[in-house]
Amino acid sequence: MLKLHDLYFKPFISEQEIDTAVQNMVNAVAKDLEDEMPVFVGILNGSFMFVSDFVKKYPKPCEVTFIKLASYEGVKSTEDIQRLIGLTQDLTGRTVVILEDIIDSGKTLEEVHRIFKNENVKDLIIATLFYKPEAYDKDFKLHYVGIEIPNKFIVGYGLDYDGLGRDLPDVYQLKTTQHMTNIVLFGPPGAGKGTQADFLKEKYDLVHISTGDVFRYNIKNETALGMLAKSYMDKGELVPDQVTIDMLNKEVEKNADAKGFIFDGFPRTNAQAKALDDLMDSKDSQINAMVALEVDDEVLVERLLKRGETSGRADDADESIIRNRIKEYYNKTAILKDYYSAQDKYFGVDGVGSIEEITVRLNSVIDKL
């Protein structure tokens, strides 16, 4: 992830992919122009990297010049485009190839055509490395296109956001959702996970999504997903992962402006963890950490037996049931520990001590994410 000024960007197009696209464009232009000596015109500031790489790869003699137009402020194209630096050479009868870094709305291209209207060139050819077909609303022909991209703001390889990012060899895309802290919270029965989740959501302004609560809500309110889940449960079958993911997606969409989420009770398997990663990626976000409260088994048993004296829960009163629940937890968590450890996202936190002490330990982990 990349931060420039106040915005976050995610990796989009690699240096290698760009190099391949530039080479393909060079090959196509060189083949079509044969032995003709073109004048390549770069549009500053954004095209300097593209033009440099293009002419270095071009296999035949050529001329290079630049014009400069002001067409961007921040991340939005402005209506007013002015010619700042013009041409100083005679282009009469010459083939001119405009090397643009990016074409979106086409406003810059419109100005380019205006500039060259009276230059008496033989041919005006447009070549752009990046092209946003969704945004383009002009009728000018684009003769060569390197890579078609969605209508989202990008930086890198000559393109900037308020002056930053031009030097990057790769291209990054603006994240639809800005920085979020998303945590998968785990803890064995009796570890105090629910209590700590309440503290975390308040301190970091996160939305706590408990899978159990989500299921109960959907079933109680007879939503389509709730009825679908119930149909499996009534037959004693496991609810398919996709149904659960669809429920979680609804909860995420309800809280689109959240600063992040605490996922509680999901995932339970590698497949579910991958599905959750895919879900967050579709929201331009990611899981930042799996945080697991770690407590010795004997402490857990003691806590739950004590809780059972007042909770009224049968599974808190029977030591054999308690130990089986703890064993089941570790069997499931071990798999996920490996999954998130492979991404350097697993954090074990000592869950023994006062509530305040444990909260401080959790905060120290999350503050570093």
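**Helix α11 and the annotated binding site**

In α11, the buried residues (under 20% relative accessible area, 1.4 Å probe, protein chains only) are Ile358, Thr359, Leu362, Asn363, Val365 and Ile366. They cover an arc of only 155 degrees around the axis, which puts them on the same side of α11. The arc is taken from the directions from the helix axis to the C-beta atoms. The face turned away from this buried side carries Glu356 and Val360, both exposed (over 50%). The buried residues pack against β11 (183-186), α4 (193-204), β14 (289-294) and β15 (346-350).

The model is predicted; local features need pLDDT of at least 70, side-chain atom pairs count only at pLDDT 80 or more, and totals for chains, interfaces and linings use all residues. Residues are numbered from 1 along each chain, and side-chain values use heavy atoms, without hydrogens and water.

An unreviewed UniProt entry places the feature "binding site" at residues including Arg216, Gly265, Arg268 and Arg325. UniProt annotations may be inferred rather than shown by experiment. Arg216 lies in helix α5 (residues 211-220). Arg216 counts as exposed, at 53% relative accessibility.

Arg268 sits in the loop between β13 (261-264) and α8 (270-282). Helices (H or I, at least four residues) and strands (E, at least two) are DSSP runs, numbered from the N terminus. Arg268 is partly exposed, with a relative accessible area of 32%. Leaving aside neighbours within four places in sequence, Arg268 is in contact with Phe186, Lys332 and Leu336 (heavy atoms within 4.5 Å). The Arg268 side chain also reaches the backbone oxygen of Gly265 at 3.3 Å.

Key:
A polar contact is a pair of N or O atoms within 3.5 Å; within protein, one must be able to donate a hydrogen and the other to accept it, and residues adjacent in sequence count only if both atoms are side-chain atoms.
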